[in-house]
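Visitor: I'd like a close look at one part of this protein, and then a walk outward from there. Keep it relaxed, but give me the numbers.

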Amino acid sequence: MKKKGGAGKAGKIVLFVILALIVLLFGGGFIYYQSIINSPQPKIDGELQAKGLRDSVEIIRDDSGVPHIYAKNMHDLYFAQGYTQAQDRWWQMEFFRKTCGGRIEELTGKKAGLVNTDIYLRSLGLYGVCQKEYDAWTPEQRAPLDAFSEGVNAYISDRSPAQLSVNYSILGLTGVKFKVDAWSPLDTLSFAKLMAWDLGLSRDPEVMRSRLYAVMEAEMAEQWLVPAWPLGYKPTILTDDDIQVIEKSAAAASTSASVPIGSLPTAPGMIYEVLVPDLTQITGGLEGTGSNSWVASGNMTAGGKALLANDPHLGIAQPSIWYEVGLHCTDDGTGRPFDVSGFTFASNPGVVSGHNNDIAWGTTNVYPDVNDQYMIKVNPENPLQYEWDGKWRDMTVRDETISFGNGKPPVTVKVRETHLGPITNDNKYDASTGQTAGFNNKDPLALHWTALEPSRISLAILGINSARNWEEFRSALQYWDVPSQSLIYADTQGNIGYQMPGKIPIRPANYTGQLPAPGWTSEYEWKGYIPYDLMPRAYNPARNYIVAANQEVAPPQYYEFLNQQLGPNVNANFGSKYNKWVYGYRSQRINELIKQLAPNTVLTYEVIQGDNKHLPADEVSPYLSGLKFDDPELSDARDWLLKWDRFCNEDSAQAALYNEFWMRLMHNLFQDQLGDAAKTDGLDKEMWAVNLLMQNPDDAWWDNIATADKKETRDDILAQSFKEGYAAAVTDMGKDRSQWKWGKLHKATFVSNPLGASGIAPLESLVNQGPVSLGGNTECVNNEMWYASKGNFSITLIPSMRMIVDMSDLGKSVGMNSTGQSGNPGNPWYGSMILPWAKVQYHPMPWTREQVEAGAAHKLLLNP
């Protein structure tokens, strides 16, 4: 794994010396190795005492390590969930909370490449927002988070760092000193902020758009950045019929928005000083983050009841971001039993995607623009004041101290906040001098982001877990604010549904949110949020199925209706007109297959989740047929490629050649024009942009700007890219095409942070898993994504878990995580699911107590 900016050269040398000493110790080194590996392994059989429990709790694990927890009261259920998840995933929980808090270097020691990351994250003030959230909740609402935290602390409180994770042991050898803080409900709440970053803020194009406008015409930039969405060619989540149902049921919403319509006086050619960190080393790849989900009613299934599928596409990581769990309580406090099963995050109580006795649900990302950058005018006489509507307004200032686990002197910065949000491009750190730049009064930008306001998403998740029908499901989703998602629904009564919740800004009519806005006038300030009852939804549509795979959520009719409801002088269009949604290839293929394979079963859903058909190749291949090559070998290779069935299976030789060609096409078509302003990754937006550009062979994008004496056209660039792609395939796999395989190039390595990105092979082999050869491709349903800008086919985002729920018999539901239950290297469940996941295989998700007992491999009794 190529090292990124996390670990510095000095850190590498220190770790190398340490490892060398261990190896030289022979027997002693082996004993030490076994000690640091074995110490964190949890006890999962027999009995343990846990201070804080009110009654005994039973934890039954199957042979994959998946726990089902049985408690007699809800406090103990969430307590035991926290205890169990800390047993298996403590380091992941620790690393994520330090990331959210801008405290990564308390774990790694001072690293030049991380100081600005910690400063930026600290400037957001996420924990302060979380404190406001927690303070606003009632004791009853806080109770699950409190109990979960008690359980986590019951596990970690009497254990040394070495007994919690091998990461502490190895990082400790570099001089890092650890004090393991108690887990807090704020740590749980902060994780939602990190997910909001991963699923939304990380892909915000405002500043990139400004950079592009500085090097090319706006119209040309938009052809690459946000090409026109393929309305009429790819299916939206909701149809015109669904919108008519919303229109009939909606009451007119009132709004006080009233602003004059005018042009945006921004400076589109300005290059802003931006300090947004690259978190790909922590969260995996960000661009293209998405998911698949779909649900079909009993009219399209063999069992006569709904089938629901979900596979979220997130950054590849070791361990997986997901944790599979079953939660069971004899009394939920109302006299009813509580049972829920599915996938959650290690930092969270409850289940994020799964089912209970009555309903099932799955989640996918949506892409409304929920953050804006505002240009701030600072008072030249007072750097702690900014202009607002012709007057100077005081900023709020707070001190933030970045501490380093290896004892280096701390760095203290002052964070300025406006009423719009914090200024995020102050305090740039210069590694060469060890100093920060302080206030940036040249081009300060304030971030207005929904995640910087108190959120209630944890209440939504816990509410869904208890919901028994569509009405209760929708009622719980009123609290799902950040990050906004698509949620699909099914119940045992035969109903299916879809709901998009979230806090979506209502902007003034003269502002689309596409460029940084003037932050000195209320003319561009948000006017509120779209009312929940006007948000997209569907219930039992006549087509008998719903597919949500990150595509545009609704046709234009919906946004016209929305603006009519909200009044004349506002802009509530959060669709593809102003935002980048995924361009619909996966949703198109799922729509095709769900109809072709009906009546559907769990097995047909497995086929769909593992489908490797690459629809973008259908759009590109016809344009290759007319290319003229002087070299007959190239003509033969092109003709051979055109016989390809378009399936990117692991053993496909033609898929390997096509993707070698595609990588070169991205460089030759886009990167020469983009220069340093942006990277082209060859994802869905480029796929649709290429399809549109193919229809205009003389478009300016086809010209190679490096050849001043010639203007290239489409066929020139296609021929050049195919020639280079073929040469690369020969270099990578030899001349014999019978030996070519897509899986030889397309591989997944599961990297554990931070040791797995150290650049030290023995250390990385201890904590990382893979590489594993895979089929699939970017925008196949089996969405194994790679970035062309990297220059290789290493997989960056994956279906992070797969789940299929059968409402005719919940005990027949299946799932598979992408790594394993454990986050402890050396544990048999550390990577035990990788190979079956890679083959798109599944394990049962037992539901009844009898099924859980039948599959029991380990039993632990927790006593007060």
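In what order do the three strands of the open sheet run, and is the pairing parallel or antiparallel?

Guide: Happy to. Bear in mind that this is a predicted model. The sheet you're asking about is open, its three strands come in the order β11-β12-β13, and the pairing is antiparallel. β11 (378-379) and β13 (391-394) are the edge strands, each pairing on one side only. Zoom in on β12, residues 382-388: four bridges tie this strand to β13, in the antiparallel sense. If you want a particular pair to click on, take W388, whose bridge partner in β13 is K391.

Now set that beside another sheet in the model. Here 11 strands form an open sheet with mixed pairing, and the order reads β1-β33-β2-β3-β6-β7-β8-β9-β19-β20-β23. Its edges are β1 (46-49) and β23 (537-539); each has a single partner strand, so one side of each is left without a neighbour in the sheet. Averaged over neighbouring strands, and ignoring direction, the turn of one against the next is 15 degrees. For a look inside this sheet, try β3 (residues 67-71) and β6 (residues 322-329): they run parallel and are joined by four bridges. One of the residues to pick there is H68, which has G326 as its bridge partner in β6.

β19 is also a good way into the backbone geometry. The loop between α16 (470-477) and β19 (485-491) holds P483, and the peptide bond joining V482 to P483 is cis, with omega at about 0 degrees. There's another cis bond from N753 to P754, where omega is near -5 degrees. P754 sits in the loop between β26 (747-750) and α26 (761-767). While you're checking torsions, have a look at N550 too: its phi is near 75 degrees, a positive value in a residue other than glycine. You'll find N550 in the loop between β24 (545-548) and α17 (556-566).

On to the helices, with α7 as the link. α7 packs against α10 (residues 185-199) at an angle of about 110 degrees, and the two axes are 8 Å apart. The range counted as roughly perpendicular is 65 to 115 degrees, so α7 is roughly perpendicular to α10. On the α7 side the contact is made by L145, D146, F148 and S149, and on the α10 side by P185, T188 and L189. Sorted by class, that contact between α7 and α10 has four nonpolar, two polar and one charged residues.

α7 turns up again in a pocket, the second largest, with a volume of about 350 Å³. Its lining is made of 13 residues, and those nearest the pocket's centre are E140, Q141, P144, L459 and L462. Elements giving two or more residues to this lining are α3 (74-100), α7 (139-156) and α15 (457-466). The largest share, five residues, comes from α7. As for chemistry, the lining of this second largest pocket divides into nine nonpolar, three polar and one charged residues.

So if you come back to one helix, make it α7: this helix packs against α10 and gives the second largest pocket the largest share of its lining.

Methods: Residues are numbered from 1 along each chain as its sequence is written. This is a predicted model: local features need pLDDT of at least 70, side-chain atom pairs count only at pLDDT 80 or more; totals for chains, interfaces and linings use all residues. Side-chain values use heavy atoms; hydrogens and water are left out. On a 1 Å grid over the protein atoms alone, a cavity is a set of points where a 1.4 Å probe fits but cannot get out, and a pocket is an open set with protein on both sides within 12 Å along at least five of seven lines; lining residues have an atom within 4 Å of a point. Grid points are joined across faces, edges and corners, and a volume is the space filled by probe spheres set on the points. Ala, Val, Leu, Ile, Met, Phe, Trp, Tyr, Cys and Pro count as nonpolar, Asp, Glu, Lys and Arg as charged, and the others, Gly among them, as polar. Two strands pair if DSSP finds at least two bridges between them. Axes are lines fitted to C-alpha atoms, for helices over the stretch in contact, and angles run from 0 to 180 degrees between N-to-C directions. Angles under 35 degrees count as roughly parallel, over 145 as roughly antiparallel, 65 to 115 as roughly perpendicular and the rest as oblique. Contact means heavy atoms within 4.5 Å.
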